[in-house]
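Could you walk me through the aromatic side chains of this protein? I am new to it and would like a friendly guide.

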Amino acid sequence: MTEARVSVSMEKSQTRPESPSGTDRFHSSHDQVVHPQSIVTLIPTKFIAVADGFERKEHSWFISSQIPTDFTIQIQEVSFSVHKYPFVSKCGYLSRLELQPSKSDFSSDIKLENFPGGSETFEIILKFCYGLPIDLNPQNVAPLRCASEYLEMTEELEDGNLISKTEAFLTFVVFSSWKDTITVLRACETLSPWAENLQIVRRCCDSIAWKASRDTITEDSVNEEGWWSDEVTTLRIDHFMRIITTLRAKGTRPEIIGKCIMHYAERWLPGMDVEMEGLRGYGHVKKDLQFSILSKRKEDVGIGHSKEQKAIIESLVSLLPPQHEAVSCKFLLKMLRAAMMCSASPALISELEKRAGMMLEHANVNDLLFPRYKIADQGKLSNSPEECTMHDIDVLQRIVEYFLMHEQQQQHKTGKSNVSKLLDNCLAEVAQDPNLSVTKFQVLAELLPENARICDDGLYRAIDIYLKTHPSLPEHERRRLCKTMNCEKLSLDACTHAAQNDRLPLRTIVQVLFSEQVKMRAAMQEKEAAPSGNNSEQEGNHSSTDMEIKTLKAELESVKMKMIELQNDYVELLQDYEKLSNKNKHTSGWSIGWRRIKKSFHTKPDKDETGGEEQQRSNPSRIHFRQRQSIS
């Protein structure tokens with residue numbers, strides 16, 4: 001027995017075309033084409049007898065045989081020393097080449113470039129050509145089908161050739177089984193473009209979609225993702241798109257398709273689960289906020305910039321059914337956050353904003369807190385306060401605007417009350433940002449129409465948080481901001497708190513006090529007009545009403561006394577001022593302040609000067625009693 005070994009080195013090779021429809025062929029070193037009729041197509045029995053003598057050492061395959069091998073074939077980094085006739089009898093591609101035996105151990109006759117399936121697949125073909133039995137299974141049938149097409153192993157050369165065997169296995173075995181079809185489709189991911197051109201991918205997707213659509217006919221499948229969902233979501237995005245597109249064409253219900261899309265996104269987009277929780281734990285300095293965004297994005301969602309993630313997001317959005325109930329609002333907002341992280345196209349972001357706006361009443365606060373990723377994209381800190389905000393207010397504003405546009409087109413407008421509470425909670429979160437301008441905050445607060453809010457307690461809470469976070473806000477901007485709030489829509493508890501809130505401007509406090517008195521008077525009238533029940537309940541209600549009336553009267557008397565004291569103090573201050581003015585000929589800075597105080601007692605509240613209100617706000621307790629006296 002002699003051993004023929006082949007080295008990996010090459011003398012000359014050419015590239016085999018990747019498409020099965022190509023006409024250019026690789027030729028041997030002589031480049032002379034030989035007709036198939038001139039080649040012996042029968043395999044001598046002596047080749048079959050020694051076919052079980054395959055051995056592999058490192059990157060070479062060789063056959064122990066009394067007959068020396070004719071040539072070598074190199075696939076990737078592996079060389080195969082084989083006999084000529086077993087191959088030319090079954091491979092039409094090799095039969096057209098003039099194959100010469102190897103002249104040395106350091107040369108190779110053929111190198112097959114871009115061979116489907118690589119050297120592992122060629123090992124199976126090697127056994128098949130030598131007449132040994134091979135094991136077809138879902139893992140290797142797709143590579144073998146592509147490789148047999150590459151080598152042109154057709155029925156014209158021999159009955160029962162490899163092309164016909166692999167096709168029969170696909171048709172009668174693989175496509176009748178769900179799991180086998182999924183396995184073959186996964187194997188096709190590395191066989192492009194051969195698997196596409198041979199329609200293996202299309203047939204697998206059609207088979208999966210047909211089985212899935214047949215399963216979703218039952219009613220219970222609406223509440224379940226289906227037994228096929230887990231398997232389908234493991235596929236590559238282009239294969240997943242084919243299956244979902246086929247399912248939609250077969251009339252599968254939108255909610256089933258939507259659940260499958262959401263399941264796929266959860267598996268392939270892990271950055272979607274990152275949620276923002278306001279400014280908790282972050283410094284209130286501009287650079288601290290920016291560094292927090294930069295570090296959080298690099299640690300948690302650094303994978304989001306990859307092209308693969310961006311392609312997945314764009315593909316999933318294109319697959320979304322037009323029906324609103326197909327996917328949840330929470331999922332749309334997560335997709336929007338992921339799209340912003342990946343710097344997706346403005347058209348894609350706008351589409352997600354519109355869809356989320358139509359379902360805004362089903363969202364929550366954390367879903368609507370979008371961090372401003374543009375700072376991290378630029379890679380440097382910005383000096384503009386508008387660009388240093390923790391949250392992207394513009395995105396939130398556009399979503400609310402899309403919601404209002406959708407509400408105008410609907411006949412039944414029932415979602416504004418829920419959205420008003422949601423927006424007020426969002427305002428309370430973004431109000432903690434020290435870099436948020438009063439204009440941005442006011443625009444966001446005024447997005448909803450006046451009749452959308454039944455109660456303004458949430459808006460008052462957000463305004464109070466903003467004023468607390470921005471203590472240096474000028475008085476005229478405080479007044480402008482508080483105009484967005486309707487004091488008549490505040491509850492009695494909110495009025496009580498606002499009346500003692502020294503952060504509010506004087507005009508707003510007066511309005512709150514007036515509203516508080518009106519609400520208390522209305523509450524007492526309702527109790528007096530309420531129908532009497534049994535004697536014990538009537539006596540209890542009467543006694544409680546009397547106590548409240550006595551308490552109010554005592555409070556009003558106290559306010560009157562304090563008001564008299566304030567007037568006396570004012571007279572004394574005015575006298576001291578006149579004495580000082582007679583002594584000093586020139587007007588000082590103190591005289592200007594006393595003039596403003598004097599004007600504040602003789603002009604209407606709407607025309608008060610800024611300085612006068614600031615001077616009066618220096619003693620909030622006295623102002624509180626003075627306002628109650630004026631109201632009484």
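Here is a short tour of the aromatic rings and how they pair up. Keep in mind along the way that this is a predicted model.

Let us begin with the overall count: the structure holds 10 aromatic pairs. A good one to look at is the pair made by Y93 and Y150, whose ring centres are 6.0 Å apart. Their planes meet at 75°, and the pair is edge-to-face. Where do these two tyrosines sit? Y93 belongs to helix 3 (residues 92–95), while Y150 belongs to helix 5 (residues 141–151), so their pairing ties together parts that are 57 residues apart in sequence.

Are these rings buried or exposed? Y93 is buried, with a relative accessible area of 0%. Y150 also counts as buried, at 0% relative accessibility.

From Y150 we can step on to another ring, that of W194. The centres of these two rings lie 5.6 Å apart and their planes are at 50°, so this pair is tilted. Here too, distant parts of the chain are linked: Y150 is in helix 5 and W194 is in helix 8 (residues 194–197), 44 residues apart. W194 has a relative accessible area of 3%, so this tryptophan is buried as well.

Now widen the view. Y93, Y150 and W194 are among the members of one aromatic cluster, which also includes F80, F87, F115, F122 and Y130.

One last stop brings in a charged side chain. K90 lies over the face of the F128 ring, 4.4 Å from the ring centre.

Notes:
Residues are numbered from 1 along each chain as its sequence is written. This is a predicted model: local features need pLDDT of at least 70, side-chain atom pairs count only at pLDDT 80 or more; totals for chains, interfaces and linings use all residues. Side-chain values use heavy atoms; hydrogens and water are left out. Rings of Phe, Tyr and Trp (its six-membered ring) pair if their centres lie within 6.5 Å; planes under 30 degrees apart count as stacked, over 60 as edge-to-face and the rest as tilted. Helices (H or I, at least four residues) and strands (E, at least two) are DSSP runs, numbered from the N terminus. Buried means under 20% relative accessible area, exposed over 50%, partly exposed in between (1.4 Å probe, protein chains only). A charge sits over a ring if NZ of Lys or CZ of Arg is within 6 Å of the ring centre and within 35 degrees of the ring normal.
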